[in-house]
Amino acid sequence: MVIMATETKSLQTTAEWVARNLPSETIIDVEGLNFYYGRERILHDISLSISGKGVTAIMGPSGCGKSTFLRTLNRMYELTPGARAEGRISFLGEDLFRIDSVALRREIGMVFQQPNPFPKSIYENIAYGPRVHGIRRRSQLNEIVEESLRRAALWDEVKDSLRKSAFSISGGQQQRLCIARALAVRPQVLLMDEPSSSLDPKASAQIEATARELSEELAVVIVTHNLQQAARVSDYVAVFMTGGELVEDGPTKKVFEQPEDPRVQDYLEGRFG
Amino acid sequence: MSGFTRKIDNNYKVKTLSSSSLSWLRRRLDRGIFAVLGSISLIALGLIFFFIFREAIPLFYKVSVASFFGPTWLPTFDPPSYGALSMIAGSALVTVAALAVAVPVGLSAAAFIAEVAPGIMKDITKSIIEILAGIPSVVYGFFGLALLAPFLQTTFSLSTGRTALTAAIILSIMALPTIASLAEDALTAVPSSYREASLAMGATRWETMWRVTIPAAFSGLLGAVILGMGRAIGETMAVLMVAGNSPQITTSLLKPVRTLTAGIALEMGETPFGSTHYHALFSLGVLLLLITLAMNWTAEWFRGRMRRRHHG
């Protein structure tokens, strides 16, 4: 019990460190979202507003549907046969399900659990998105590549090896390359699906720092099952529970210090999940 | 091992020793059986090589290597000449023309199966291609002889419908399953994380296929094309039936040609055992063997390179 108390305390202090003053207008508004895979119901009546700036952490035990939730936001779930979403999601006031999915994904970028650079050079990885969207001029591409790598805090490490294969850099660098690649199409939202689960603590800390820095300009939604990470990185949290329910959400500090739902209390104290 | 078991107790030691020696025997036996079976194919290959080369080499006691690559193949004339160039050219012409059709069609079919087609269409296309692979070559030849040759003869008003073009068309259908199914393997072997990354960035499926999946599968696709080429060069019966078989050097697809395979099959039966002509046919066989081996190795190298790049 003593150990538990200090654990909670350290979480609180890091949560305090997190508090920032960011404008908080909503960019994505989810209302009554249900998600089915075949006959199985994965998400139960989720309602959640996501702020246009700052980091929103989606936490919860494994199998609670947090990754599925993330994949509905950019409609990547549509690639899985048998997956179906019902409910209302508005993105900047528009019905997200009626926006062309290709156009939507330019606005809502994604970083995956495992670093997944293309088997191309570092430069070509970043230039891929802009090229697909019709940018041909070399000087413009060069600019975008540099800017994206700088925003992902990778420029200084790779600026002399842009022509090298993306596989030649470390796992943490590859993940930041994937962040830069997603940023190159200038999205307004960046979804991160457990982006540091395959990385060591140092690389993981770099990803977190990058996420916080980026969130001053865009919305970052990060899925994590790591409580400390959620406390360190996020401004807002949403806690999902097994069965696909959203049990509590709000500013990180508040949820960590005074959780309302007893299930969230248990979860935060490590008694569950 | 024995020092370790001695320390524990005697009962235990005896038990482990007897059971482990039994399983040791079994392992040896299993491995032995596989080793014997495996080496049979290796020995067979070695013997084939040995005998083909042994029967081929005596040709070069009588004829120079340069004249073996000469243009005139008149083995029954006096004096005879054993120039294989016309048949090499015939094989090359027919194969290139066949690939000109089979490569685009086969690769498109592979892309359709691997990237585009929904469930049922995918299964249907795949099974059609598998059926094509299972048709005996004599049936293809018969089809070419009975339908395609007369059609080409009237369309182009030729003296004979048995031409390089006829053979190329038939061969393109025969090489299609090889190219399509191996190319499909190459495309499906591309990790889906690449596709996801591309789609998540707002690329369309079409853009993803052209800019990510196909470049990532390139070595494998090249391997598929080369193996298809090997299939086309090695095919005998269908080509023998429809190519017209006149050993002439031409670039016109509308003239009869003779391929290396057809050359061997046509003359083998009427050649006295041990004659120079007989050795010349074996030399053609050596040539064919070397060409197909080189192709298989190149193809496997490309296919292996793709596996190493993405799953290393």
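Chain A of this predicted model has a mean pLDDT of 89, with 92% of its residues at 70 or more. The weak spot to know about is residues 1–17 of chain A, where the pLDDT drops below 50. That stretch does make 16 contacts in the model beyond near neighbours in sequence, but where pLDDT is low, the predicted coordinates should not be read in detail.

Now step inside. The largest nonpolar core holds 158 residues, and those touching the most other members are A:V220, A:V221, B:V94, B:L171, B:I179 and B:A183. Helix α8 of chain B (residues 164–188) supplies the largest share of this core, with 16 residues. As background, nonpolar side chains tend to be buried together in soluble globular proteins.

Pick A:V221 and look around. Leaving out neighbours within four places in sequence, A:V221 has contacts that include A:I50, A:T56, A:I58, A:L70 and A:L73, plus A:V189, A:L191 and A:M192.

A:M192 takes us to the strands, since it belongs to β7 of chain A and stands opposite A:V111. Strand β6 of chain A (residues 108–111) pairs with β7 (residues 189–193) in the parallel sense, over four bridges. And is β6 covered on one face or both? Both: A:I108 and A:M110 are buried on one side, and A:G109 and A:V111 are buried on the other.

Over in chain B, have a look at helix α5, residues 85–116. Its 32 residues should span 46 Å at 1.5 Å a residue, and the end C-alpha atoms are 44 Å apart, so the two agree. Follow α5 along and you'll meet a kink of about 30 degrees, centred on B:L99.

Conventions. Residues are numbered from 1 along each chain as its sequence is written. Chains are lettered from A and ligands numbered from 1 in the order in which they are written. This is a predicted model: local features need pLDDT of at least 70, side-chain atom pairs count only at pLDDT 80 or more; totals for chains, interfaces and linings use all residues. A nonpolar core is a set of buried Ala, Val, Leu, Ile, Met, Phe, Trp, Tyr and Cys residues joined through C-beta atoms within 7 Å. A residue is buried if 20 or more other C-beta atoms lie within 10 Å of its own, exposed if 12 or fewer, and partly exposed in between; C-beta atoms are placed from the backbone. Helices (H or I, at least four residues) and strands (E, at least two) are DSSP runs, numbered from the N terminus. Two residues are in contact if their C-beta atoms, placed from the backbone, lie within 7 Å. The expected span of a helix is 1.5 Å times one less than its number of residues. The bend at a residue is the angle between axes fitted to the seven residues ending there and the seven starting there. Two strands pair if DSSP finds at least two bridges between them. pLDDT is the predictor's confidence in each residue, from 0 to 100.
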